[in-house]
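User: I am new to this structure and would be grateful for a close look at a single part of it. Please describe that part first and then place it beside a few other parts.

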Amino acid sequence: MENLPDEILLQIFSKLSFIDLLSGVRCTCWRWYHLSSDSTLWSNIDLSLIKCFRSTDSIQSGIKVMLREVHSCLEHLTFSNIPVNGGIYELFGSCWKRKNKVKFEKLKSIDYSYSDVSSRNLRVALTNHPDIEELILVHTKITLAHVLDEAIHLQNLKCLVYHDSKSRDINSDRLINKLIVMKVPRHCQHLEAVELHTLVADLDCEVLSQFFKYCTKLRKLSLTWSTNMTADSFASANLCGQYITHLGLHDRQQTGPYLDFVLPHFPNLLHLTVGGKNIHLDDTIAISEFSPKLKELELEISCEDVLEYNLTNFFNSLCGLQLQIIAEKCTLLTKLHVPCSNIDDDSVIFLAKHCLFLEDLNFSQCHRLTKNSLFALSKHCLRLKKVSLQDTLIDHRYMIGLVTKCSNLDEVILDHKSPEISSLATSAMSTSVSTEIENNHVDLCPREEDIPFIDMTLSAEELEMQHVLFNNLSSPESSNLSSSCDACFMYPEAVTCTPVKINHCHLKKLSLKYSLAKEKYLQEIIRECPDLTYVSLDGSKHLTDNLIITLAKCCPNLRHLGISSTPSQSTEGETTFGDAALLALVQCSHNLEVLQCLYNCNITSIGVTALFQSLSTTLRSLTSLSLCVGLGYSCNIATVVLHGFKYLTERSKQQLKDASATARGISFIVLHLDLLKKR
């Protein structure tokens, strides 16, 4: 690395987030420290990447210092739900001392989505930065009227995105809000993208005509469908419509076809999103006839509609014939989302043969699909990157063909539906964020004053068992693991992993929840995907030690691992992996950040102790751990207190103390622990 020129290092650093720049690059050496101060690296800051493990005051002070340092080069700023005060939301615009004011001269984009920003904060920020070109507010507490009143003063505004919050005021005057919306295109004539998803204003033909008249550069239009829209609503789009490439029509509750009078006005559509109650044959004919250049098609359905679909409206969803009509003409499709559809294998096979450029597919809850659909996609759609077949009848063992042939895969979701007994057991439990306690009037742990915080060292028998476990990791799946726990903690670099194939699948995210596939099929899939960073096998039936060891050895970049059992599996003794699997993760998964292993009766204090001891050696990156302790489990809360207390955040420490204090007549405790990042 010392011989690399500065230009190449800067190109590498530009791919990193500001969190990595602060905590990694700047702490490596003086040369990297100075290079990381380059203005080109700080043009985009996303505060949602910050994990709130420390106090709110320290987070706010750190954000203030950082924003003041990069104010001259910052172009895009995203807040999300990070807890900050109003002064930061206002971009220091209301500081009473002139010397404390900061001007973000190059700032062009602000995203307040999911934040606690107030209307006053928004007014101050936009007043001091009138050159903003992109304004995004999704699910905030600011009303539509207040947002648009401030937006009309941004003459250079090019992108406006607003989504109603869940606590929207349904009693607000819809007519007044409509008139405010109509003012926007007259004042912001440079708009190129407009996304207004709201139910507090009638976005009818009068609103559309204003946008089509004044915003001649409009390229993206996404609106909530109004009940007042008719066939004449889009008549004024003849001139502007030919330049629009992205169109979204959401939350249409009316029945009957309508795309036949909408799409003719947008001949150059590349992206179409339709959300509503149903899809008609005339609509699919209109899509194929008027939008042959379409590359992305999303037919969305809301949660309420899903329930209605499952019970009464099964035949109003997209059927196989309609999918074939679309696939026959729209052969350039790269993205297709049609969840909760009535499509079958024949239609998917037809789609795969005609649309060879598909990269993103979502067929979730399409219950008529079987393995034949998966075979067709594996054979013809070799460019696939994302596949979602959640809650279908496809057996996971047939996924091996997909990962061997589609080497560009990045994300696969094939979660099966949770068993009914599991969902009932889960719903009966507490939904506390950090700890869940179930009372069965049975003594689980000693009382708080009796918990042996000091005398919890491993006994000679436990040390011998830990030594045997490491020595027994000599199966074909674990022959390269070291033979003692000391090697795990002192010599992690000596651990060797499985060699990576030259031609392998580059899959990063794999979710196979509640899988019934046998161990050998899951192992085969894992071996073909050594680049996995996110794996979820929660509730799977064949979670064995060999499977987890294979995963740890073959996927060195693993960051998130979900291997929780279900409460029913725990009760019936179906969980099969134990301490051997955890010790393999300790030795091989050095990049692991999140580990979830709930409801596992086979995990003892040996495995839990090894996890906590490795936090200062091989598992330095681990920030979240979920496990069960107490009656029915082989580990108690005292083990967690002794070996893990010093690694916990202040919030988790307090939660653990509360759990210890209330552990009197309870059956077991579910712990979700946040761990300190720097150790």
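Against which helices and strands do the buried residues of α6 pack?

Analyst: The model is a predicted one, and the account below should be read with that in mind.

The buried residues of α6 pack against two helices, α5 and α7 (144-151), and two strands, β3 (109-111) and β4 (134-138). Helix α6 itself covers residues 119-128, and its buried residues are N121, L122, V124, A125 and L126. An α-helix has 3.6 residues a turn, so residues three or four places apart point the same way. Within α6, both L122 and L126 are among the buried residues.

One of the packing partners, α5, comprises residues 86-89 and contains G87. The C-alpha atom of G87 is 9.5 Å from that of V124, although 37 residues separate the two along the chain. V124 is one of the buried residues of α6. G87, by contrast, counts as partly exposed because its relative accessibility is 29%, which lies between the cut-offs of 20% and 50%.

The loop between β2 (76-78) and α5 holds S80. This serine has a positive phi of about 65° although it is not a glycine. S80 counts as buried because its relative accessibility is 14%, and the limit for that class is under 20%.

A positive phi in a residue other than glycine also occurs at D391, where the value is near 60°. D391 is placed in the loop between β13 (386-388) and α15 (400-405). With a relative accessible area of 13%, D391 is buried.

Helix α20 offers a further example of a helix with buried residues. It spans residues 545-554 and is mostly covered, eight of its ten residues being buried. These are L547, I548, I549, T550, L551, A552, K553 and C554. They pack against the helices α19 (519-527) and α22 (579-588), as well as the strands β17 (534-536) and β18 (560-562).

The surface should be considered as well. There, L281, I285 and L321 form a nonpolar patch, with about 240 Å² of accessible area together. Of these residues, L321 is found in helix α12, which runs over residues 320-329.

To return to the part requested, α6 has buried residues that include N121 and A125, and the elements packed against its buried residues include α5 and β4.

Technical notes. Residues are numbered from 1 along each chain as its sequence is written. This is a predicted model: local features need pLDDT of at least 70, side-chain atom pairs count only at pLDDT 80 or more; totals for chains, interfaces and linings use all residues. Side-chain values use heavy atoms; hydrogens and water are left out. Buried means under 20% relative accessible area, exposed over 50%, partly exposed in between (1.4 Å probe, protein chains only). Helices (H or I, at least four residues) and strands (E, at least two) are DSSP runs, numbered from the N terminus. Contact means heavy atoms within 4.5 Å. Patches are made of residues with over 30% relative accessible area and no salt bridge: like charges are joined within 9 Å, nonpolar side chains (Val, Leu, Ile, Met, Phe, Trp, Tyr) within 5 Å. Accessible areas come from the Shrake-Rupley method with a 1.4 Å probe; for residues, only the protein chains shown count as cover. A salt bridge is a side-chain nitrogen of Lys or Arg within 4 Å of a carboxyl oxygen of Asp or Glu.
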